[in-house]
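User: I should like to learn how strand pairing is read from a model. Please take me through an example.

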Amino acid sequence: MPRCSLEKSLLTGIALAAVLSVPWSATASAEESGHWKGKAVLVITSAPTVKVADTADHTVSLTRFDGVVFSEGEKPFLDNARYQAVDLFDSGGMVSGGYKTFTDGNGAKVFGKYTVTGGAQPTFNGEWTFIGGTDRYKGITGNGTFVITFTSDTTAWDMLEGEYRIP
């Protein structure tokens, strides 16, 4: 075999061996998961209410919140992210929950939905679930609980805790 062909064969063999020796985990993107605990401050930005005529005190409202979440623990998951929520409330009992959007400093978003499971003014508790995300949060899953306490007619303190997984 000519020397040039031999060198080419050796180099090809070395390159192939190098590729095959790289672990699959090094070539795939790393999964991130963990326990998340966040504290948030929220301000009501709008809260239109509509009276439903079937009973004297039946109303339906859509409340928009805007604020920021601060994370606890070793991992900075969603720390200092903008936190927006849309709450749907029907005093007749049909709906009590809504949607959450967290936007990190790079513009990537995490979307969630929640249900209020109990409480009375000024404190309510419930459960949340991550339902999707953009950019680095694409495919995120997770769930947990929250306790929101209204400190005035327009501000609230929200404590969130749960698990998350980013593929």
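The dialogue below treats the overall make-up, then strand pairing, then burial.

User: On what basis should the values be taken?

Analyst: This is a predicted model, in which local features need pLDDT of at least 70 and side-chain atom pairs count only at pLDDT 80 or more, whereas totals for chains, interfaces and linings use all residues. Residues are numbered from 1 along each chain as its sequence is written, and side-chain values use heavy atoms, with hydrogens and water left out.

User: How many helices and strands does the protein chain have?

Analyst: Helices (H or I, at least four residues) and strands (E, at least two) are DSSP runs, numbered from the N terminus. Here there are 2 helices and 9 strands, in the order α-α-β-β-β-β-β-β-β-β-β from the N terminus.

User: Which strands pair with β1?

Analyst: Two strands pair if DSSP finds at least two bridges between them. Strand β1 (residues 32-46) is antiparallel to strand β9 (residues 155-166), with 12 bridges; one bridge partnership is that of S33 with R165 in β9. β1 also pairs with strand β3 (residues 59-72) in the antiparallel sense, over 9 bridges, and there I44 lies opposite F65.

User: What are the partners of T101 in β4 and β6?

Analyst: Strand β4 (residues 81-90) and β5 run antiparallel and are joined by 8 bridges, with Q84 opposite T101 of β5. On pairing with strand β6 (residues 109-120), β5 makes 7 bridges, again antiparallel, and T101 has F111 as its bridge partner.

User: Which residues take a positive phi in the two hairpins?

Analyst: In the hairpin of β4 and β5, with 5 residues between the strands, G93 has a positive phi near 95°. The hairpin of β5 and β6 likewise has 5 residues between its strands, and G107 in the turn has a positive phi of about 90°.

User: Is β5 mostly covered or uncovered?

Analyst: Buried means under 20% relative accessible area, exposed over 50%, and partly exposed in between (1.4 Å probe, protein chains only). In a regular strand the side chains alternate between the two faces of the sheet. Strand β5 (residues 96-103) is mostly covered, with 6 of its 8 residues buried. Across the protein chain, buried residues make up 29% of the 167 residues.

User: What share of the contacts joins residues 24 or more positions apart?

Analyst: A contact means heavy atoms within 4.5 Å. Among contacts in the protein chain with a separation of 6 or more, 45% link residues 24 or more positions apart.
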